[in-house]
Amino acid sequence: MAKIGPGVAGGNNRQTLTDSDAEGRSLFKKWCDEAGLTMGVDQMGTMFATRPGTDPDALPVYVGSHLDTQPTGGKYDGVLGVLSALEVVRTMNDLGIKTKHPIVVTNWTNEEGARFAPAMLASGVFAGVHSLDFAYNRKDPEGNLFGDELKRIGWVGDEEVGARKMHAYFEYHIEQGPILEAESKQIGVVTHCQGLWWLEFTLTGKEAHTGSTPMNMRVNAGLAMSRILEMVQAVAMGEQPGAVGGVGQVFFSPNSRNVLPGKVVFTVDIRSPDKAKLDRMRAKIEAQAPKICDTLGVGCSIEVIGHFAPVTFDEKLVTAVRSAAERLGYTHMNLISGAGHDACWAAKVAPATMVMCPCVDGLSHNEAEEISKEWATAGADVLFHAVVETAEIVV
């Protein structure tokens, strides 16, 4: 899969609804067909590959993640979960294992949100958080509509989004943080997922020459942005422990070396597993940012472009993951996911949980992202046992 949409430094650039995404989907479908799975696709392009169960009335156990990547993404974020889910059913085929519940290997569309915000878009529509029209009308930085691009690459399905019902949902993922490696644990038993607010700021100043405009006559949107970034840092530090905040994307206009920006657009990303902290951080940032801008004569507007509340995963499924790790002799610990995942939205409509494996130096959303074969194997083993147990083996 990593050969499709290669990055420039050993990782991947397989952003959602690009030609590379379409190629990756086709390869995934080929592998699913070879494993005897039946493919269904919904109107968001999410792929559902089904291995039948023995009971036609039993709801399926869904297992999956995503194949899309960041512009400078790694080879494992999301992909590990989709292909390990496929490996679960391949192993069941090899061993002749039958289950009461069907098992559905899932590739969710646009989990990353790198090209079309917000992240976890397709699973959000599935869970009823977003409407289909909202999703279809999301625009990428070039102004392309999500719905048009989905049609262009040929992956608009005919299934109604969210019509499927789940018995349970499992997602296997790299940690995207340094805790498991630092603690020398092979398995992260994910009990919760942090909540998130994405606040998009549009600051309006005045374009002016950087050399000939006196300092006291500038309306500097870039300066206002820098002060807001310092403020976000202070707000997050004031809510320690268990809170983070920062900015990863900034657009200057006109983005010229010798022109002060007339407009700056950036997104503040704040997260916490504690809803009170999360909402308190948002309130402080939204209250202080306009005051910072006012002192500089800069206009300020704020739009929420992404949000989900903290998630507590299903206790029974969490126990299934922990018990599998213990039976198999893998070292493990409870973990709160610092990143958002499709499992967060799936948890709104069905029992859900996650399994995590370490990643080197906690590095993710980076082409240098790396895991060991031993880590990958341990997580896949635990996933297999938890999924098969939940799907109920038929002897």
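The following exercises, with worked solutions, concern an annotated binding site in a predicted model.

Residues are numbered from 1 along each chain as its sequence is written. In this predicted model, local features need pLDDT of at least 70, side-chain atom pairs count only at pLDDT 80 or more, totals for chains, interfaces and linings use all residues, and side-chain values use heavy atoms, with hydrogens and water left out.

**Exercise 1.** Determine which residues UniProt lists for "binding site" and why they gather at one spot.

*Solution.* Step 1: the unreviewed UniProt entry lists D77, E112 and H365; its positions follow the numbering used here, feature names are shortened, and annotations may be inferred rather than shown by experiment. Step 2: these residues span 289 residues in sequence, yet no two of their C-alpha atoms are more than 9.6 Å apart, so they gather at one spot.

**Exercise 2.** Establish where D77 is placed, whether D77 is buried or exposed, and which side chain D77 joins in a polar contact.

*Solution.* Step 1: D77 sits in the loop between β3 (61–65) and α2 (79–95), where helices (H or I, at least four residues) and strands (E, at least two) are DSSP runs numbered from the N terminus. Step 2: its relative accessible area is 4%, so D77 is buried (under 20% relative accessible area; exposed is over 50%, partly exposed in between; 1.4 Å probe, protein chains only). Step 3: the D77 side chain makes a polar contact of 3.1 Å with that of Q176 (a pair of N or O atoms within 3.5 Å; within protein, one must be able to donate a hydrogen and the other to accept it, and residues adjacent in sequence count only if both atoms are side-chain atoms).
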